[in-house]
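Thank you all for coming; I would like to walk you slowly through one model today, and I will try to keep the residue names clear as I go. Please have the sequence and the picture open in front of you while I talk.

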Amino acid sequence: MSEVRSSVTGITWPGLPAPGGAALLALQFQLEQSQWWPEPELRAWQFRQLDVLLRHAASTVPFYAERLRGLWPSAGPAAPVSPERFAALPILTRAEAKDAGDALRSTAVPPAHGRQHDLQTSGSTGMPLRTAGTEVTQFFWAGLLLRDHLWHERNLQGKLAVIRSDVQLGVRDGWGPVTDDTFESGPLVTLPLHEGIDRQLDWLVAQNPDYLLTFASNAAALLVRAAERGIRLPRLRELRTIAESLPADLRERAQVVWGVPVVDAYSSSELGYIALQCPRHPHYHVQAENLLVEILDDRGQPAFPGEAGRVVATTLHNFATPLIRYWSGDYAMAGAACPCGRGLPVLERVMGRVRNMLRLPDGTRRWPSFLSKYWAGVGPIRQVQLVQHAVDHLEVRAVIDRDFTADETATLQAVFAKTLQFPYRIEVSRVARIERGAGNKYEEFLCLIPD
């Protein structure tokens, strides 16, 4: 059980949190109830908040002044927006949002929303986007992170190790602002992502953490090397992953090598937390209290469970840069209602961006799946990345300790031809390392064919 941090001298139990912590706990009280509502009830409350946001955007955001004209019936702005009229709004693409620039920013953010701050996406699409948030959007980000901690029943007094691109080597008391304001928490130790995998493993052994947070691709590389070196982390309870699409076999590998579950989160700089992993299942729950998320097929219709579609999101609380029916380029697979009983919509899988899709000569696209169990035994491979240069040309870039033999090259080509159903030219290249893209994100598959 986590101990509430008390801000009153001499009072340790029950804890009396500071105002910021009290507000976060008050939000948790509401989230604990709303997560169990049936989806129609959640949707009704979303549209209640959406109606306020749309009126604000139409009157204070230059870009939306024209775009939202005619949204309401002839009865005038007093009539609430209907789901049908909302679904008729055009989708806002990332390119449109980037071109709009400051025209997407409100000229009159309500003072109660607090200070504004700039948000910069990582640019992993090759198209970085600048938006703005407020203290309210930061508050919801913090509140949903706290929900994630509580969902997964983390011992907040344990040691958290973080390996990511925006940290330095360091140690501090407490896991960060979210827990500092609410619960007593243990030490946080950090290491920058640019350190080599062996250096990271040595550091993890020395730190012996209870929890590890890192990029999904970095976690995969750590697990491969840990298996080779026979390294286990005896206190580790959970491997948390962020920022990248989760490799399909990472959960199984984490159980085999370290005996721990993987807990993933789906977020973006401009939207905040989009979906959190269910505490009982490996799929994700959309954070419907903060975003209205649509999964749309190629016809613009809601995707059925098991069907992949565009992730189109509307921010419900960002009054500085409202993003209405915004598509960043991400795809996800819609899911059925969760057996856990939560009414929050389900994403079965987060798939990635358009450029992560394999293209075939007939013009079709599909999501590439190439589990490591099929190729990991073909020579001493440490890491691979697939790059599609043309509809009939695929390059397998492999980090390997030595050159491939002719037999290994042929085997690798055959493995990928079969797993990807790509009966065309497959080239195998030995590389010293796989370069990370914008935001230090690693992409295991890249399609470089221009649209």
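**Helix packing, salt bridges and some unusual backbone**

Let me begin with two helices, where H9 passes H10 in a left-handed crossing. Before I go further, I should say that what we are looking at is a predicted model, and I would ask you to keep that in mind throughout. The axes of H9 and of helix H10, which covers residues 250–257, come within 10 Å and cross at roughly 35°. If you look at the place where they touch, Ala 216, Ala 219, Ala 220, Leu 223, Val 224, Ala 226 and Ala 227 on the H9 side meet Leu 250, Arg 253, Ala 254 and Val 257 on the H10 side. Sorted by class, this contact of H9 with H10 holds 10 nonpolar residues, no polar ones and one charged one.

The second helix pair I want to show you is formed by H1, residues 19–34, and H6, which pack at an angle of about 65° with their axes 10 Å apart. Here H1 passes H6 in a right-handed crossing. From H1 the contact includes Leu 24, Leu 27 and Leu 31, and from H6 it includes Phe 139, Phe 140 and Leu 144. The contact of H1 with H6 is made up of 11 nonpolar, three polar and one charged residues.

Let me now turn to charged side chains. In general, side chains of opposite charge can pair when their charged atoms come close. Across the whole structure, a search finds 25 salt bridges, and I have picked out a few of them.

Going back to H9, which runs over residues 216–229, Arg 225 and Glu 228 are three residues apart in this helix, so they are separated by about one helical turn. Arg 225 forms a salt bridge with Glu 228, and the closest N and O atoms of the two are 2.9 Å apart. Glu 228 counts as partly exposed because its relative accessibility is 43%. This pair does not stand alone, since salt bridges that share partners join Asp 198, Asp 202, Arg 225, Glu 228 and Arg 229 into one network.

The next salt bridge takes us back to H6, where Glu 135 is paired with Arg 115, the closest N and O atoms being 3.5 Å apart. Glu 135 lies in helix H6, residues 135–151, while Arg 115 lies in the loop between helix H5 (94–100) and strand E2 (116–120), so the pair ties together parts that are 20 residues apart in sequence. Glu 135 has 32% relative accessibility and therefore counts as partly exposed, whereas Arg 115, with a relative accessible area of 63%, is exposed.

One more pair is Arg 105 with Asp 102, a salt bridge in which the closest N and O atoms are 3.9 Å apart. Asp 102 counts as exposed, because its relative accessibility is 61%.

Against these pairs I would like to set Arg 310, which has its place in strand E13, residues 308–315. Which side chain of opposite charge is nearest to Arg 310, and how far away is it? The nearest one is Asp 298, at 5.6 Å, and Arg 310, although buried, has no salt bridge. A salt bridge here needs a side-chain nitrogen within 4 Å of a carboxyl oxygen, so this is the cut-off to hold in mind. Leaving aside neighbours within four places in sequence, Arg 310 is in contact with nine residues that you can find on screen, among them Ile 91, Glu 294, Trp 327, Asp 330 and Tyr 331.Finally, a few words about the backbone. In the segment before H1 we find Pro 14, and the peptide bond from Trp 13 to Pro 14 is cis, with omega near -15°. Further along, Glu 153 has a positive phi of about 50° although it is not a glycine. The place of Glu 153 is in the loop between H6 and strand E4, residues 160–164, and with a relative accessible area of 60% Glu 153 is exposed. Gln 421, also not a glycine, has a positive phi near 55°. Gln 421 sits in the loop between helix H12 (406–420) and strand E20 (425–431), and is exposed, with a relative accessible area of 58%.

Note on methods:
Residues are numbered from 1 along each chain as its sequence is written. This is a predicted model: local features need pLDDT of at least 70, side-chain atom pairs count only at pLDDT 80 or more; totals for chains, interfaces and linings use all residues. Side-chain values use heavy atoms; hydrogens and water are left out. Helices (H or I, at least four residues) and strands (E, at least two) are DSSP runs, numbered from the N terminus. Buried means under 20% relative accessible area, exposed over 50%, partly exposed in between (1.4 Å probe, protein chains only). Lys and Arg count as positive and Asp and Glu as negative; His and the chain ends are not counted. Contact means heavy atoms within 4.5 Å. Axes are lines fitted to C-alpha atoms, for helices over the stretch in contact, and angles run from 0 to 180 degrees between N-to-C directions. A crossing is left-handed if the near helix is turned anticlockwise from the far one by less than a right angle, and right-handed if clockwise. Ala, Val, Leu, Ile, Met, Phe, Trp, Tyr, Cys and Pro count as nonpolar, Asp, Glu, Lys and Arg as charged, and the others, Gly among them, as polar.
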